[in-house]
Amino acid sequence: MSAMRATLFLILFLCPSLLLALPTALPAPGGVAILDLGPSQDAPRAEFDGERVAVVRTENSWRAVVGLPLSLEPGDQRIEVTWPDGRRSRHGFTVLHRDYAESRITIREERMISPGPDDLKRIEADRVRIRAALATWSDATPDFDFAVPSEGRFSSGFGLRRFINDQPRNPHSGLDIAAPVGTPIHAPAPGRVILTGDFFYAGKAVMLDHGHGLLSFYAHLDSIGVEEGQRLERGARLGTMGMTGRVTGPHLHWGVYLNRTPVDPELFFTRP
Ligand SMILES: [Zn+2]
């Protein structure tokens with residue numbers, strides 16, 4: 001082993017925290033704020049708007065990685081931090097303005113626009129299950145360096161202000177990737193399967209927990225190849241692309257969540 005390789009090995013071996021990649025910081029609605037909390041032996045606990053947020057060690061400091069809701073107004077915000085010795089601190093940051101484009105689509109299937117009473121019951125049951133999964137917290141250190149989960153064209157960006165048949169709807173909570181039915185979908189980082197199911201709007205879907213409230217969601221699948229509780233390595237196949245649920249064509253809806261808030265998946269990978 002050359003001296004340089006030996007040195008590199010020692011650095012990587014002794015300081016694994018140096019290797020931890022963080023998402024791209026974008027302190028704006030639908031983005032991610034990264035706050036330097038300072039050093040401490042053990043991890044502090046941080047909350048934003050009453051929700052626990054991811055805290056990871058990089059170099060010699062703890063950093064909070066905070067998901068910012070699309071509905072957040074630009075201006076001053078802060079997180080509350082509790083240290084292992086009981087001390088508390090507040091860390092402020094400024095939320096910037098970010099523009100999101102409009103998207104107008106037409107859905108002809110009447111049932112997807114005005115669901116009947118049985119559909120409404122199912123939609124409510126779906127919402128309860130998905131909300132419970134979104135509340136998942138695990139202590140695994142998250143890997144924020146995602147791989148794009150499937151091949152295909154980015155057909156619809158995160159945060160689009162959507163109108164369906166000219167009616168305003170919730171903004172787009174994920175990134176759509178379009179490719180033929182059957183295109184494989186892979187885990188973008190190590191994670192645990194916390195939800196699988198067939199939902200009214202999302203169709204066949206999978207949710208992964210990557211640790212510290214970092215979750216990812218895969219909707220409109222043709223087939224699901226994993227089970228709840230299963231641990232996946234980066235690149236493991238979790239299913240195939242389809243057109244189940246409310247869709248206008250085959251695509252993957254990919255959602256990424258931090259502190260139960262959908263954030264822009266494009267902040268978690270480098271565009272090819
Ligand atoms: Zn989508």
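Phe146 is buried, and so is Trp254, and in this predicted model the two residues form a tilted aromatic pair, with 6.1 Å from centre to centre and 35° between the planes. Trp254 belongs to a further pair with Phe269, and a zinc ion is held by three protein donors, namely His172, Asp176 and His253. The points below take the aromatic contacts, the zinc site and an annotated segment in turn.

**Aromatic contacts**

- The structure holds seven aromatic pairs, and one of them is the tilted pair of Phe146 and Trp254, whose planes make an angle of 35°.
- Because Phe146 lies in the loop between α3 (117–134) and β9 (153–156), while Trp254 lies in strand β19 (residues 252–258), this pair ties together parts that are 108 residues apart in sequence.
- The rings of Trp254 and Phe269 have planes at 25° and centres 5.9 Å apart, and the pair is therefore stacked, given that planes under 30 degrees apart count as stacked.
- This stacked pair also links distant parts of the chain, since Trp254 sits in strand β19 and Phe269 in the segment after β20 (261–263), with their positions 15 residues apart in sequence.
- Trp254 has a relative accessibility of 0% and so counts as buried, and Phe269, with a relative accessible area of 8%, is buried as well, the cut-off for this class being under 20%.
- Phe146, Trp254 and Phe269 are members of one aromatic cluster, which also includes Phe154 and Phe268.
- Arg104 lies over the face of Phe163, at a distance of 4.0 Å from the ring centre.

**Zinc site**

- The protein donors of the zinc ion are NE2 of His172, OD of Asp176 and ND1 of His253, and these lie 2.0 to 2.1 Å from the ion.
- Along the sequence, the donor residues follow the spacing H-x3-D-x76-H.
- His172 counts as buried because its relative accessibility is 2%, and Asp176, another of the zinc donors, is buried with a relative accessible area of 9%.

**Annotated segment**

- According to an unreviewed UniProt entry, residues 27–95 carry the annotation "domain: Peptidase family M23 N-terminal".
- Over residues 27–95, the chain of the model is 59% strand and 0% helix, and the C-alpha atoms at the two ends of this segment are 5 Å apart.

Terms used. Residues numbered from 1 in each chain as written. Predicted model: local features only at pLDDT ≥ 70, side-chain atom pairs only at ≥ 80, totals over all residues. Heavy atoms only, no water. Donors = N, O, S within 2.8 Å, 3.2 Å for Na, K, Ca; no water. Buried < 20%, exposed > 50% of the residue type's maximum accessible area, 1.4 Å probe, protein only. Phe/Tyr/Trp six-rings, centres within 6.5 Å; stacked < 30°, edge-to-face > 60°. Helix = DSSP H or I, 4+ residues; strand = E, 2+ residues; numbered from the N terminus. Lys NZ or Arg CZ within 6 Å of the ring centre and 35° of its normal. UniProt positions renumbered as here; feature names shortened; annotations may be inferred.
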